[in-house]
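Visitor: I should like to take a close look at the cysteines of this protein. Please explain which of them are bonded, and describe their surroundings.

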Amino acid sequence: MIRFIRQVFFYCLVLCLLSLAGTQAAAGEISDATWECLDCHAVVHPGIVQGWRLSRHAATSPSEAMQVQGLGRKISSTDVPGELSETVVGCAECHVLRPDKHADTFEHNGYLVHTAVSPDDCGVCHDTERDQYRQNIMSHARGNLLDNAVYQDLMTSINGTPVRRGQELGIEPSGPETEAESCLYCHGTRLEVAGTELRETVMGEMEFPVIAGWPNQGSGRINLDGSKGSCAVCHTRHQFSMAEARKPDTCAECHIGPDVPAVKVYKASKHGTIYASHNDSWDFSPTPWTVGQDFTAPTCAVCHISLITDTEGEVVAERTHALSPRLPWRIFGLIYAHPQPASPDVTSIVNKDGLPLPTALDGTPASDFLIGKKEMDKRKTAMQGPCLACHDQGLVREHWTRFENTIERTNRATLTATELMQEIWTKGYATGPASGASLFDEYVEKVWSDSWLIQANHIRLASAIAGGGDYGVFAEGRYELNGKIRELHDWLRLRDGLQADR
C-alpha cells in the first residue's frame, strides 16, 4: 500500500514538472522519445532537466538553426538526419544517437541508450567544430601524457605515495583512482565497459553498464565510440552554454596553476580587473561576439577561440575549436618554451638526445616536429587580431617584443638550471637519464624541475597575458626562479666540497 501511494505521488509530481517543462522549454517540438525520458528524469534528476530546459537545445530544432545565415549561425552541419532535424535537441537526440557506435549502449525502457555522449555525437550537428577539435592538442591530452615516458615519470613522481624502504624513500604507484582525479581529470581517462550491475531505482530494479574511467570530462578522454575528448570540458552538461565557455572561470578548472597558472594570472591583470568589475553588464551569448558592444576586455575565449567582430561587423578573429591557429609559441610544459608542435599528437617527437621531448636538455628544438617561422608569423597575426580591436599597433608590437624577450630570458635561465643539473648527474650526486633513472624522484631534481615547471611558466604567462605583475616577480616569478638556480648551484658546490674533504 505504501509503495502504491509513493508511486501515485511520484507520477503526480512528474505531471506537474512536465507541465512546467512544456511551458518553459520549447519553442520547437519535443520528440516522443525525449518526452519519455522526461517522464522519469524530471523527478529523478531535476537539476539535469532544468539545465537542459535553459539551453538553446531545448528551444531550437536543427532545421530552425540551419535557416540562420551569415555569422550568426551556430550550427555548422548542413545535412542533419531527418529524424533529428525537426525536433529540439533533447535527451534522446543525444543519448540514443548512433547506438551501434558506442560500447556502452544498453537497453533502457525500450530504447538503446548510451551514457557518455562524445564529440562524434555532437558532430552530427556541429561537424566543423568536431573536426577542428580533433586538431586541438587538448583532444590528444591523454595520449600525449601517458604515451610519453618522461611525462609518465613526472606523473609518477607527483601522484605516487611516498613510502620508506629502510633508510631510503621510495614511491608506491598511484593506481587508476588517484590518476582519474589528478592528472587524468583534465587530460582524460579511457572509458571502458567493465560489466553490468543491477540498481534499485524509483522505477524498480534496472540493469546498467559499469563504465571504468567514468565520470570524466577530460579534454583528451577516450570515449566508448573511439573518439577523443569531451565537449563538456568547456560546455558543461546539460545546458551546454556558449556563455559559460566564454568565461575564464570555465578555463580555470584546468588552467589555474601552479604549472599552468593562466587564469590566476589573468584575474590579476588589467584585463582581469575589467572583467571582474564589469562582466555583469556584458552579454556573453551572441554570435558573433562583438568587441565594444558585448564586452570591453578579452577573456580566454576572446584570444583563443571565439568568433569576434567589431561594431561595424568586420571579423576580428575567426572562431576555432582547434586553438592552434592563434598559438605560435608553446610556453609551458617540458622543459623550454618552443614553437608549437606541427601535429596535435606529439607522441612521435624525439629530440637529438633520443628523449620524447620537443627540445633537447640543452634547449635545442626538435625542429622537424615543430612549426616553422612562416607558420609562427601567421599565427602571431591571428593572435594579435583581438588585441588590435582595442589597442594601437605600437602597443601591441611592444607587448609582443617584451613577450618574446621573456621567452628568450626564461629559456636561458632554464638552460643554466639544466646545465647545473647535468653536472650533478655526471658527478654521480644524483642518478639521471644516462643511467635510465627517473629525472624527478630526488630532492635536487625537484628543485630543478620547479624552476621551469613552476617559476618559468609563471613568468611567461604573466608576460603573455600582459598582467598579473607580481606573478612575474615575487609570486613564483623571477625571484623564485633565481633562488632555485642559486639553490642548485650551492647544492652542487657543497657536494663538491664534501667530496674534496674525503
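Guide: The account below begins with the disulfide, turns to other cysteines, and ends with a neighbouring helix in the sequence.

This is a predicted model, in which local features need pLDDT of at least 70 and side-chain atom pairs count only at pLDDT 80 or more, while totals for chains, interfaces and linings use all residues. Residues are numbered from 1 along each chain as its sequence is written, and side-chain values use heavy atoms, with hydrogens and water left out.

A disulfide is a pair of cysteine sulfur atoms within 2.5 Å. A search of the whole structure finds one such bond. Its partners are cysteine 186 and cysteine 254, whose sulfur atoms are 2.2 Å apart. The torsion about their S-S bond is about -105°, so this disulfide is left-handed. Cysteine 186 belongs to helix 12, whereas cysteine 254 is in the loop between helix 14 (248-251) and helix 15 (262-267), so the pair ties together parts that are 68 residues apart in sequence. Helices (H or I, at least four residues) and strands (E, at least two) are DSSP runs, numbered from the N terminus.

The two partners can also be described by their accessibility. Buried means under 20% relative accessible area, exposed means over 50%, and partly exposed lies in between (1.4 Å probe, protein chains only). Cysteine 186 counts as buried, at 18% relative accessibility; cysteine 254, at 27%, is partly exposed.

Cysteine 251 is in no disulfide, and the nearest cysteine sulfur, that of cysteine 300, is 3.8 Å away. With 22% relative accessibility, cysteine 251 counts as partly exposed. For cysteine 231, the closest cysteine sulfur is in cysteine 122, at 3.7 Å, which is too far for a bond. Cysteine 231 is partly exposed, with a relative accessible area of 30%.

Helix 12, which holds cysteine 186, also has a part in covering helix 10. The buried residues of helix 10 (residues 149-159) include Val150, Tyr151, Leu154 and Met155. Among the elements that cover the buried residues of helix 10 are helix 12 (183-187), helix 11 (176-181), strand 3 (161-165) and helix 20 (443-464), where contact means heavy atoms within 4.5 Å. At the start of helix 10, a side-chain oxygen of asparagine 148 comes to within 2.9 Å of the backbone nitrogen of valine 150.

Conventions:
A polar contact is a pair of N or O atoms within 3.5 Å; within protein, one must be able to donate a hydrogen and the other to accept it, and residues adjacent in sequence count only if both atoms are side-chain atoms.
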